[in-house]
Amino acid sequence: MLALHGGGRDGLEIHPNLWTGIRLVRGGAGTALVGSHQEIADRIEEYHRLGIDEFILSGYPHLEEAYWFGEGVLPLLAARGLWTPPGAGVDVPRTRAGMMRAMNDRIIAACDGASKGNPGKAAWGWVAADAHGSPERWAAGPLGTATNNVAELTALEELLKATDPSVPLEVRMDSQYAMKAVTTWLPGWKRNGWRTSAGKPVANQELVVAIDTLLAGRDVTFVHVAAHQVGGDALNALADQAATDVAASQEAASSALGSPWPQPDPSRAAAPKAKSKGGARTGTRKTGTGTGGTGRAITAKFPGRCACGRPYAAGEKITKNGSSWGHPECREAVTAG
């Protein structure tokens with residue numbers, strides 16, 4: 001690899017996202033893929049088209065990069081048919097409502113709506129993943145002419161109808177209106193006889209009532225994620241593209257129908273906005289207190305050291321604090337700084 005850069009620090013990117021500078025900081029390494037989730041998935045797809053079917057990948061630092069790759073890149077590769085999650089293809093018992101999983105510890109999903117003109121040609125879409133976030137199924141349906149709020153609520157309704165109510169569900173969505181309607185505002189609307197605090201009839205009441213019925217007795221956690229962000233939530237990007245495509249075509253599509261997976265358009269993504277203290281907003285029904293995005297706490301599998309300088313032990317809860325992992329309370333300092 002020395003021949004590629006001669007020990008210098010100029011011209012280290014020899015191909016888009018292919019960096020030879022890793023050899024300057026880590027012995028034994030030749031080149032590294034460096035970029036966003038979308039860019040890394042694109043490069044791996046290029047290698048696949050060249051005939052490379054298997055990869056042995058390592059990261060630096062290994063644990064952080066393993067999580068980064070697993071949470072952000074693998075879902076994109078799965079959506080393109082380039083990676084199959086372990087256990088996929090095994091027959092799963094079905095129930096009468098078209099429920100997607102009979103047994104699992106959690107379903108992670110995203111739903112979104114699209115309306116071209118608001119109101120205009122509209123559609124709903126959802127994507128469901130396993131407990132590790134690997135996409136498994138998706139569906140999208142046309143709504144004719146409708147508002148974006150109707151599309152967002154319908155997407156949630158369709159997702160709830162398609163998932164097993166006995167399995168804890170995490171729903172990621174970018175609509176503040178739809179999430180607050182079923183977590184924050186709904187109790188007050190019901191007390192007020194389905195009228196707002198201003199005494200006006202609740203908009204889209206029929207949909208809200210249907211969703212309230214579907215949520216009864218279920219363990220559902222709602223996580224608000226930012227829409228159209230570079231390196232943003234991969235499931236939300238898939239659900240958004242599914243709804244967008246069907247809004248344009250006005251033809252139903254889904255994995256059950258054999259439709260190709262939606263391909264998020266990178267040109268629609270913007271640079272992420274600065275986060276406010278506290279990370280992603282969440283809401284729950286019945287149980288669950290999950291957080292979203294990089295603020296999600298995990299259990300450390302190995303000991304490490306936080307950016308604050310203090311160590312953490314295996315088994316402790318840690319979160320992504322900027323570019324490394326560390327104590328959850330230190331993440332708040334990074335976010336607010």
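Contact means that heavy atoms lie within 4.5 Å of each other. In this predicted model, residues 24 or more positions apart account for 62% of the contacts with a separation of 6 or more.

**Figure 1. Overview of the predicted protein, with its ten helices and 15 strands.** The protein has 337 residues, and buried residues make up 43% of them. The close-up views that follow show pairs of helices and then single residues.

**Figure 2. Helix H6 packed against helix H7.** Two packed helices are described by the angle between their axes and by the distance between those axes. Here H6 spans residues 148–162 and H7 spans residues 176–191. The angle between them is about 55°, and the axes are 9 Å apart. Angles that are neither under 35 degrees, nor over 145, nor from 65 to 115 count as oblique, and H6 and H7 are therefore oblique to each other. The crossing of H6 past H7 is right-handed. On the H6 side, the contact involves Asn149, Glu152, Leu153 and Leu156, which meet Tyr177, Ala178 and Val182 of H7. Five of the residues in this contact are nonpolar, one is polar and one is charged.

**Figure 3. Helix H7 packed against helix H8.** Which residues of H7 and H8 meet? From H7 come Ala181, Val182, Leu186, Trp189 and Lys190, and from H8 come Val208, Ile211, Asp212 and Leu215. The residues of this contact comprise seven nonpolar, no polar and two charged. The two axes come within 11 Å and cross at roughly 105°. Because angles of 65 to 115 degrees count as roughly perpendicular, H7 and H8 are described as roughly perpendicular to each other.

**Figure 4. Helix H6 packed against helix H8.** The axes of H6 and H8 are 10 Å apart, and the helices pack at an angle of about 25°. This angle makes H6 roughly parallel to H8, since angles under 35 degrees count as roughly parallel. H6 passes H8 in a left-handed crossing. In H6, the residues that take part are Val150, Leu153, Thr154, Leu156, Glu157, Leu160 and Lys161. Their partners in H8 are Leu207, Val208, Ala210, Ile211, Leu214 and Leu215. By class, the residues of this contact are ten nonpolar, one polar and two charged.

**Figure 5. Two residues with positive phi in the loop between H7 and H8, Trp194 and Asn204.** Most residues other than glycine have a negative phi. Trp194, which is not a glycine, has a positive phi near 60°. Asn204 is likewise not a glycine, and its phi is positive at about 55°. Are these loop residues buried or partly exposed? Residues under 20% relative accessible area count as buried, so Trp194, at 17%, is buried. Asn204, at 24%, counts as partly exposed.

**Figure 6. The cis peptide bond before Pro119, and the surroundings of Ala146.** Most peptide bonds are trans. The bond from Asn118 to Pro119 is cis, with omega near 5°. Pro119 itself lies in the loop between strand E4 (107–116) and strand E5 (120–129). Ala146 belongs to strand E6, which covers residues 135–146. With a relative accessibility of 10%, Ala146 counts as buried. Apart from residues up to four places away in sequence, Ala146 touches Ser115, Pro119, Gly120 and Ala122. Ala146 and Ala114 are 32 residues apart in sequence, and their C-alpha atoms are 9.1 Å apart in space.

**Figure 7. The buried residue Asn236 in helix H9.** Helix H9 comprises residues 234–249. Asn236 has a relative accessible area of 3% and is therefore buried. What joins the side chains of Asn236 and Asp174? A polar contact of 3.2 Å links the two. Setting aside residues up to four places away in sequence, Asn236 touches Ala110, Asp112, Met173, Asp174, Val225, Ala226 and Ala227.

**Figure 8. His37 and the residues around it.** His37 is found in helix H3, which runs over residues 37–49. At 14% relative accessibility, His37 counts as buried. Leaving aside neighbours within four places in sequence, His37 is in contact with Trp68, Gly72, Val73 and Leu76, and also with Gly231 and Gly232.

Notes. Residues numbered from 1 in each chain as written. Predicted model: local features only at pLDDT ≥ 70, side-chain atom pairs only at ≥ 80, totals over all residues. Heavy atoms only, no water. Helix = DSSP H or I, 4+ residues; strand = E, 2+ residues; numbered from the N terminus. Buried < 20%, exposed > 50% of the residue type's maximum accessible area, 1.4 Å probe, protein only. Polar contact = N/O pair within 3.5 Å; in protein donor to acceptor, adjacent residues only side chain to side chain. Axes fitted to C-alpha atoms, helices over the stretch in contact; angles between N-to-C directions. Left-handed = near helix turned anticlockwise from the far one by under 90°. Nonpolar A, V, L, I, M, F, W, Y, C, P; charged D, E, K, R; others polar.
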